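Student: Could you take me through the ligand site in this one, close up? I'd like to know what surrounds the ligand and how the residues there relate to the rest of the chain.

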Amino acid sequence: MAGNRTFTMIKPDATKNGHIGAILNHINKAGFKIVAMKYTRLSSEKAGEFYAVHKERPFYGELVEFMSSGPIVAAILEKDNAVEDFRKTIGATNPAEAEAGTIRALYATSIGENAVHGSDSDENAKIESDFHFAGTEIFG
Ligand code: ADP
């Protein structure tokens, strides 16, 4: 059975471009409840750890540099079928290919600076949520 939580980050391009409020509103309107949230900045070590699965990819260095270049909003979201529904809400990795009306189509700059992260599985949603939040910071 699909889980009911996913993890997201509003990435440094979107925080810098003033899209935090619009993206949170979009998330709420799509039916997700925010059960944990923080405005923070990742060190390059933490960004490297978070994206360790992409270590061998050619864009890894660029990704780590970008994700530690400014503040992010990290949040845990709750909704039935959260992971899959949130991936639909954010759209394709490359904003040029993202469906109209999705968060990336509306707010992303490029395939690398693509406004938001969304977990790709229930297992990763749990790992990524635990990476950013203590149990006492989650209000489900
Ligand atoms: P998604 O975030 O849609 O799950 P991936 O897991 O494939 O996408 O990639 C993780 C992140 O790495 C992307 O969101 C994006 O910021 C960055 N990225 C992916 N592909 C590229 C690329 N070809 N060039 C630069 N950055 C990329």
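**Around the ligand**

Tutor: Let's start with E62, which sits in helix α4, a run covering residues 60–67. One thing to keep in mind throughout is that this is a predicted model. E62 is one of the residues around the ligand, and yet E62 counts as exposed, because its relative accessibility is 55% and the cut-off for exposed is over 50%. That value takes only the protein chains as cover, so the ligand itself doesn't enter into it.

Who else is there? The full set around the ligand is K11, H54, R57, F59, E62, L63, R87, T93, R104, I111, G112 and N114. Sorted by type, that shell has three nonpolar, four polar and five charged residues. The numbering already tells you that the set is drawn from separate stretches of the chain, with K11 and N114 both in it. Take E62 and G112 as a pair: they are 50 residues apart in sequence, and their C-alpha atoms are 8.1 Å apart in space.

Now for the polar contacts, starting with G112. Here the backbone does the work: one of its N or O atoms lies 2.8 Å from a ligand oxygen. With R104 the partner is in the side chain, where a polar atom lies 3.1 Å from an oxygen atom of the ligand. H54 also uses its side chain, with an N or O atom 3.2 Å from a ligand oxygen. As for how much of the ligand is covered, on its own it has 530 Å² of accessible area, and the protein covers 81% of that. The space the ligand takes up is also the largest pocket.

Let's follow K11 out of the shell. K11 is 61 residues along the chain from I72, but the C-alpha atoms of the two are separated by 5.1 Å. I72 belongs to strand β3, and I72 counts as buried because its relative accessibility is 0%. So K11 gives you a link from the residues around the ligand to a buried position in a strand.

Strand β3 spans 72–78, and the loop between β3 and α5 (82–90) holds N81. The backbone is worth a look there: N81 has a positive phi of about 55°, although it isn't a glycine. N81 is partly exposed, at 25% relative accessible area. Past α5 comes the loop between α5 and α6, where you'll find G91. G91 counts as buried because its relative accessible area is 15%, and the cut-off is under 20%.

A second non-glycine with a positive phi is A115, at about 70°. A115 lies in the loop between α6 (103–107) and β4 (116–118). Unlike N81, which is partly exposed, A115 counts as buried, with 0% relative accessibility.

For contrast, here are two pairs with wider spacing. G91 and T6 are 85 residues apart in sequence and 15 Å apart from C-alpha to C-alpha. L24, in helix α2 (residues 20–29), is 112 residues along the chain from T136, with 22 Å between their C-alpha atoms. L24 itself is buried, at 18% relative accessible area.

Technical notes. Residues are numbered from 1 along each chain as its sequence is written. This is a predicted model: local features need pLDDT of at least 70, side-chain atom pairs count only at pLDDT 80 or more; totals for chains, interfaces and linings use all residues. Side-chain values use heavy atoms; hydrogens and water are left out. A residue is near a molecule or strand if one of its heavy atoms lies within 4 Å of it. A polar contact is a pair of N or O atoms within 3.5 Å; within protein, one must be able to donate a hydrogen and the other to accept it, and residues adjacent in sequence count only if both atoms are side-chain atoms. Accessible areas come from the Shrake-Rupley method with a 1.4 Å probe; for residues, only the protein chains shown count as cover. On a 1 Å grid over the protein atoms alone, a cavity is a set of points where a 1.4 Å probe fits but cannot get out, and a pocket is an open set with protein on both sides within 12 Å along at least five of seven lines; lining residues have an atom within 4 Å of a point. A molecule sits in a cavity or pocket if more than half of its atoms lie within 2 Å of its grid points. Ala, Val, Leu, Ile, Met, Phe, Trp, Tyr, Cys and Pro count as nonpolar, Asp, Glu, Lys and Arg as charged, and the others, Gly among them, as polar. Helices (H or I, at least four residues) and strands (E, at least two) are DSSP runs, numbered from the N terminus. Buried means under 20% relative accessible area, exposed over 50%, partly exposed in between (1.4 Å probe, protein chains only).
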